[in-house]
Amino acid sequence: MDDRSMERRLDDLERVEAIKALKYRYWRACDGKDPDAFRACFVSSGASIDFGVLGRFDDADRITQVFTDIALREVDGRPVILDMHHGFHPHIELHGESEASGAWTLAFRQVDLLHGTETVSSGEYDDDYRVENGEWRMSRCHYSVRWSITRPLTSDTVVVQ
């Protein structure tokens, strides 16, 4: 049996659920093309971010600009990059009251209307979290692709927005 008190175990569960909610907010911000919500998921300064081909960053402001440039690009008033992030298999480890680490699996799909492609991939996140101003934030977010397939959209592909 766990030596921690019932109250302590419940507190730990609440912390884990708050971290899960943070990561889900992050993916919703990505898919919803919301740079402000995206930025709010990271610590105010000094985050370690590694998104492979998108770059490595030592602060979330720079990746937020990259995100904005990609996600908000439009042609004829419509977005040209359509993303779908489905994260699962969370493994969250608490390291005290205000520090934690986590690993997640991501199933990702992107339609790129500029290049006429669809990409499907799977990857892994390796994160660190800390409480800042009473809220959990990502202080480290490293993503690595496990596999990826990019294929052309066919002439009969219909994309509805």
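So, start with F108: it stands opposite S121 in strand 7. Keep in mind that we're looking at a predicted model here. That pair sits in a longer ladder, where strand 6, residues 99–112, runs antiparallel to strand 7 and 14 bridges join the two.

How do you get from one to the other? Strand 6 and strand 7 make a hairpin, with 4 residues between the strands. If you click on G116 in that hairpin, you'll find a positive phi near 65°.

Now the other neighbour of strand 7. Which strand is joined to strand 7 by 16 bridges? That's strand 8, residues 135–152, and again the two run antiparallel. There's a hairpin here as well, with 2 residues between strand 7 and strand 8. N133 is in that turn, and N133 has a positive phi of about 55°.

For a couple of landmarks along this pairing, T117 stands opposite P152 in strand 8, and E118 stands opposite R151.

Okay, so is strand 7 enclosed or open? Strand 7 covers residues 117–132, and 12 of its 16 residues are buried, meaning under 20% relative accessible area. So strand 7 is largely enclosed by the rest of the structure.

Last stop is strand 8, which also pairs with strand 1, residues 48–50. That one runs parallel to strand 8, with 3 bridges joining them. If you want a place to look, take S48: the bridge partner of S48 in strand 8 is R140.

To put the picture together: strand 7 is joined to strand 6 and to strand 8, and strand 8 is joined to strand 1.

Note on methods:
Residues numbered from 1 in each chain as written. Predicted model: local features only at pLDDT ≥ 70, side-chain atom pairs only at ≥ 80, totals over all residues. Heavy atoms only, no water. Buried < 20%, exposed > 50% of the residue type's maximum accessible area, 1.4 Å probe, protein only. Pairing = 2+ DSSP bridges.
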